[in-house]
Amino acid sequence: MSAPARPRDKRTAAIGEHLIKPFEGKRRRLSLREESIAMMLSRAAYPLKRIRVRDFFVLSCISLLAFGRVAAARTPPPLLAERDVAALVNELNGETAKKNLESLAKFHRQRGSKGFRAAAELVAQRAQAYGLSNVQILQFPADGRIFYGTQRARQAWDADRGELAEIKEGHEVNIASYSAEPIVLAEDSESADVTADLVDVGDGTKESDYAGKDVSGKIVLVAAQAGEVQETAVGKFKAAGIVSYAQNQPTAWSGDNENLIRWGHLESFSPDKTFAFMVSLKTARALQERLRLGERIRLHAQVLAGQHPAVYEVVTATIDGSVPELKDQEIAFSCHLDHQRPGANDNASGCVTILEVARTLQKLIGDGKLARPARTIRFIWPPEVEGTVTLLNAKPELAQRIKAVVHMDMVGGGPETKAVFHMTRGPLSLPSFVHDVAWSFAAWVNEESYQFAATGKARYPLIAPGGGKEPLRAEYSAYTMGSDHDVYQDSSFGIPAIYMNDWPDRYIHTNLDAPSNVDATKLKRAAFIGAASGYFLANFSQRDVEAAERAIATGKLLRTVMSMERRTAAGPAEEYERGVRNSVTAFGSAASAKSRNTRSPQKGTDSTAFRRVKEPRGPLTVFGYDYFSDHAKAAGVATPRLLSYEGSWGSGAEYAYEALNFVDGKRDARQICDELSAEYGTVPPELVTEYLRALKSIGILD
C-alpha cells in the first residue's frame, strides 16, 4: 500500500529553482554511490513525497559535491590553485607531527604547572626553529581572585607526590602512584598524609548514599567524579579523602576495558579541600567485593600537591601578512595545550598539527612555493577554554583583529580509538561561509583518500609512511560544544571558528590516550584541511567570491537535508542561509568581531527584548568556574529549568549557550525560542523566558 500523497513543500521547490541552473545539461547515468545518496535524499524528503523528478535530480547532483566523491572523473582540488594544493600536500609531514606529539605527551600539562611550562617552552622552541615571527609565551596572572571576563582565573596546580597504598600485615601494597602514572591523582588535590579505612558509598553524590555509614575521617570509594562528591562526602560527612573509579563519557565501548583510569578533578574553588585518587574499574570491583564480604581495608594516602598563585601561559606566533591594508586582520589557528599525561589525541594532536601547519606554510613561503598571505596568520596554544577566555579579554585587540579561527581538538585518533572525524559547523546564531570552505577541502580529502583505499591509486592520497591507509571519511556535523571554539563563537566575540575534532574516542581523558593510538596519516590530512582553509581565508578577496558561493551551495544542500530529516521550521534555516551569504561580504570588511553577526532578524513584537551588556565577555560556563551559578546564588535566583532541559538534539547547556547568543536587542523571547527549537528541538517558551529573566537578574542582560 502506497503512502498517501502529501502537498509539495515550498522549501523543496525553492531548493530546486535556486540550484537547478548551474547543473542544466549535466544529466548522466547515476552510479551505485549516487543512487544510494539519492535514496538518502528520498528518505529525508519523505514528508515531501511529491517532489518533482527534475528537482530531485538537482539534489542528487549537488549531493555528489556534498559527499565529496564523483565516480566519473578525478575531482580537482577546490578553492585553491592546484599548484598551491600540491605544494601543501608534498610538504606537510605527518611523521614530523607525530614526533612532536610524542615529545609533548611526556608532560603532565595541568594549568599553570611545571609540566605545562615545559610543554609551552617546547612549542615555542619549535616555532622559533621553524622561522615563525613574534614567538611569545604570554603570561596572565592567575591568583583565584582576578576575573578575565566570565573566567575566574584558577590558581595553578602542581603535584610532587601522590601515593596510595593498602596496609596489609604491616606492609604497604601500592595501589596508585603519581610518579608512575600522574593521572591517578585528581587535579586540585591538596597535600595530606592519611591512614584510614575505606568505605564504599556507591555513586556518592546523594546524601542517601551515606545512610547508615560512618565515613568521618575515612576514605570513601565512589563511582562519580571526585568533584561531584566533594561537597557531600568531605564538606557534610567529613570524609578524609576520596578514591574514585569514575568512568569515561558514555560510548558503545564504555566498560569494555576494565584497566582504564580516568582523569579526575576536584572543584577548584571548593572550601572543602581534600585529595582524590583515581583507580580503574578492575581495581574498584576487587575492593568492593572484599568490602562486601566484610573485610576491613585500610589505606595510606600521601600527597604533596596544591594550588598556588601563578600565571596562565599562552604560546603564540605569527606569519605576517603582506598587504598593508589587510595585514592587521588575522586568521587564527587554535588548539589547547593542557591535559593529563599522556593526553595524546586530546590534545597533543591538535597542538602538533597546527605546529605542522605553521612549519609548512613558513617553509613554502620562504622557498617561494607559496605567496605570503595577504592577512596575518596567528597560531595560539592556550590552556583549554580558560586560556582562550583570558587571552581575548586581556588582549582585546586580538579579538578585534581575528576574522576566523581554525580550531583543532583531537584530530589524530587512529582505528583503535574508534574515532569519527568531524568538520563541525558553527552555531545557528553565527552563520558564516568559513565552515563551507573547510568542508570543501575535507570532502576533497574524503574523495582522494577513498580512491586510494579502494583502488591503490590517487593523485593525492595524503598518507604518511608510518601511518594508515584508510579513507578519512570526515563528516560535516552540526554544531557541538566542548572546546575553545565555544569561546570564539560566543556573542561577546562573534568570531566564526572551524572546529575539527574526533568523536567518539574510547580513550579520551584516560591513561590509554597514548601516542601509539594516533595515526600520522590522519595528522597529515587534518593539517592539510586546516592549512588549505586558513591559507584560502588569509588571501580571500573579491576574486574568490564565486568559488566561495559554490562551497556555500554544497553546504546549503547538506543543511537542507538535515533540516528535512528533522522537520524543522523553515524560517530560522532561511535566515541562517541569508546570513551565510552575507558573511562573504562582511568577511572582507574592517568591521570589529562583535559587529560581524550577519543575521538581520525582524524586531520582535514581544516587549521582552533584551540586549547583552558589554562586560563580562565570554561564555557563562567556563573551565572550573560557572559564572551563572555563582552569581545566581549570590543574587538569590533559582536555577532556571532550561539548564536541565533535554531536547531532541541538545542539552540544557547548549540551549543556554545559544539563548544568550541570540540576544541582540531585536529578538524577543518568542523568536529566540523559535531559533532554539530549530537548532536543538522544541523547547517550551516559558523556559526560555525564565532563563532570560534570570540573566537580567545577574546583570548579563539589560
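**Close-up views of a predicted model**

**View 1. Asp 188, a buried residue in a loop.** Asp 188 has a relative accessible area of 4% in this predicted model, under the 20% cut-off, so the residue counts as buried. The loop that holds Asp 188 runs between strand S5 (171-177) and strand S6 (192-200). Its phi is near 75°, which is a positive value in a residue other than glycine. Most residues other than glycine have a negative phi.

**View 2. His 509 and the cis bond before Pro 504, in the loop between S17 and H14.** Pro 504 belongs to the loop that connects strand S17 (497-502) and helix H14 (520-538). Trp 503 and Pro 504 are joined by a cis peptide bond, with omega about 0°. His 509 is found in the loop between S17 and H14 as well. The phi of His 509 is positive, near 60°, and the residue is not a glycine. With a relative accessibility of 15%, His 509 is buried.

**View 3. The cis peptide bond between Asp 346 and Asn 347.** Omega of this bond is about -5°. Asn 347 is part of helix H9, which covers residues 344-366. Most peptide bonds are trans.

**View 4. Helix H12 and the glycine that follows it.** H12 spans residues 434-455, a run of 22 residues. From its first C-alpha to its last, H12 reaches 32 Å, close to the 32 Å expected at 1.5 Å a residue. Of the 22 residues, 17 are buried, so H12 is largely enclosed by the rest of the structure. After H12 comes Gly 456, with a positive phi near 80°.

Conventions:
Residues numbered from 1 in each chain as written. Predicted model: local features only at pLDDT ≥ 70, side-chain atom pairs only at ≥ 80, totals over all residues. Heavy atoms only, no water. Helix = DSSP H or I, 4+ residues; strand = E, 2+ residues; numbered from the N terminus. Expected span 1.5 Å × (residues − 1). Buried < 20%, exposed > 50% of the residue type's maximum accessible area, 1.4 Å probe, protein only.
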